[in-house]
Amino acid sequence: MSLTAINTLTKISCVAVIGKMNNPMFIKNYSNEVDELKFHYLANISCDLIEAKITQSKYNDSYLGLLYIMEDLAVYGYLTNTKIKIIIILTISINPVKDMEMKQIFKKVHAVYSNLISNPFYDPDSRNITSSSFIKGIDNIVNTSFQNDVTPS
């Protein structure tokens, strides 16, 4: 892969699941360039922006779209009907990300989360999500997203 192809590649750098009380339940860093603490900070900022967005107007869709851009990271949000926030942070690339692509990724993450909470052995009051099947599901979504984003050089 050439240097040009690497610079145009969109990739998911972090996936976060935030509880009803803005408690981080799952934050996973998929980037080698960004410190994990920065993703916790970005997820915390996102909670405030999501709250402001939903109180300003009524949303019919769970997908909240692009929340903000900080440096070379784009932060997208999704709110479930049970007030669980899903945040995906992308490394910004030359190629724009379409809302339909992000909606599909969020729906996949939401489905993995729904499978987790449907498990009768899962404790919904647990502070952290440690389920290996949940983590594998999220890893699979991250690894298969934006596979066709490389532009030939």
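Q: Contact means heavy atoms within 4.5 Å. With that in hand, what share of the contacts in the chain with a separation of 6 or more comes from residues 24 or more positions apart?

A: A good place to start, and please keep in mind that this is a predicted model. Of the contacts with a separation of 6 or more, 57% are between residues 24 or more positions apart. The chain has 153 residues, and 43% of them are buried.

Q: How many helices and strands are there in the chain, and in what order do the elements run from the N terminus on?

A: The count is four helices and five strands. Reading from the N terminus, you meet them as α-β-β-α-β-β-β-α-α.

Q: Let's turn to aromatic rings. How many aromatic pairs does the count come to?

A: The idea is to look at ring centres and at the angle between ring planes: centres within 6.5 Å make a pair, and planes over 60 degrees apart make it edge-to-face. By this rule there are three aromatic pairs. One of them joins Phe26 and Phe134, with 5.0 Å between the centres and 90 degrees between the planes, so it is edge-to-face. This pair links distant parts of the chain, since Phe26 sits in strand S2 (residues 24-29) and Phe134 in helix H4 (residues 132-144), 108 residues apart. Both Phe26 and Phe134 are buried.

Q: And what is the geometry of the pair formed by Tyr63 and Phe106?

A: Tyr63 and Phe106 are 5.8 Å apart centre to centre, with 55 degrees between the planes, which makes the pair tilted. This pair, too, links distant parts of the chain: Tyr63 belongs to strand S3 (residues 63-70) and Phe106 to helix H3 (residues 99-118), 43 residues apart. Tyr63 counts as buried because its relative accessibility is 7%, and Phe106 is buried with a relative accessible area of 0%. Together with Tyr78, Tyr63 and Phe106 form one aromatic cluster.

Q: Phe134 took us to H4. How does the reach of H4 from its first C-alpha to its last compare with the span expected at 1.5 Å a residue?

A: Comparing the end-to-end reach of a helix with its expected span is a handy check. H4 has 13 residues and reaches 18 Å, close to the expected 18 Å.

Q: Which residues of H4 are buried, and what do they pack against?

A: The buried ones are Phe134, Gly137, Ile138, Asp139, Ile141 and Val142. The buried residues of H4 pack against strand S1 (11-18), S2 and H3.

Q: Next, backbone angles. Where does a positive phi turn up in a residue other than glycine?

A: Most residues other than glycine have a negative phi. Here Asn22 has a phi near 60 degrees, and Asn22 is in the loop between S1 and S2. With a relative accessibility of 30%, Asn22 counts as partly exposed. Lys83 has a phi near 70 degrees and sits in the loop between strand S4 (73-79) and strand S5 (85-91). Lys83 is also partly exposed, because its relative accessibility is 46%. A further positive phi, of about 60 degrees, belongs to Phe146, just after H4.

Q: Is Ser46 buried or exposed, and which residues does it touch beyond those up to four places away in sequence?

A: Relative accessibility settles the first part: under 20% means buried. At 0%, Ser46 therefore counts as buried. Ser46 lies in helix H2 (residues 36-56), and it touches Leu67, Tyr68, Val75 and Ile87.

Q: What about Thr10: where does it lie, and what separates its C-alpha atom from that of Asn95?

A: Thr10 lies in the loop between helix H1 (3-7) and S1. Thr10 is buried, because its relative accessible area is 3%. Along the chain, Thr10 and Asn95 are 85 residues apart, yet their C-alpha atoms are separated by 7.2 Å.

Q: Last topic: pockets. What volume does the largest pocket have, and which residues lie nearest its centre?

A: Rolling a probe the size of a water molecule over the atoms shows where empty space is left. The largest pocket has a volume of about 260 Å³. Its lining has 13 residues, and Lys20, Met25, Ile84, Tyr113 and Pro124 lie nearest the centre.

Q: How many of the lining residues of the largest pocket are nonpolar, polar and charged?

A: The lining divides into six nonpolar, four polar and three charged residues.

Methods: Residues numbered from 1 in each chain as written. Predicted model: local features only at pLDDT ≥ 70, side-chain atom pairs only at ≥ 80, totals over all residues. Heavy atoms only, no water. Phe/Tyr/Trp six-rings, centres within 6.5 Å; stacked < 30°, edge-to-face > 60°. Helix = DSSP H or I, 4+ residues; strand = E, 2+ residues; numbered from the N terminus. Buried < 20%, exposed > 50% of the residue type's maximum accessible area, 1.4 Å probe, protein only. 1 Å grid on protein atoms, 1.4 Å probe; cavity = no way out; pocket = protein on both sides within 12 Å on 5 of 7 lines; lining within 4 Å. Points joined across faces, edges and corners; volume = space filled by probe spheres on them. Nonpolar A, V, L, I, M, F, W, Y, C, P; charged D, E, K, R; others polar. Expected span 1.5 Å × (residues − 1).
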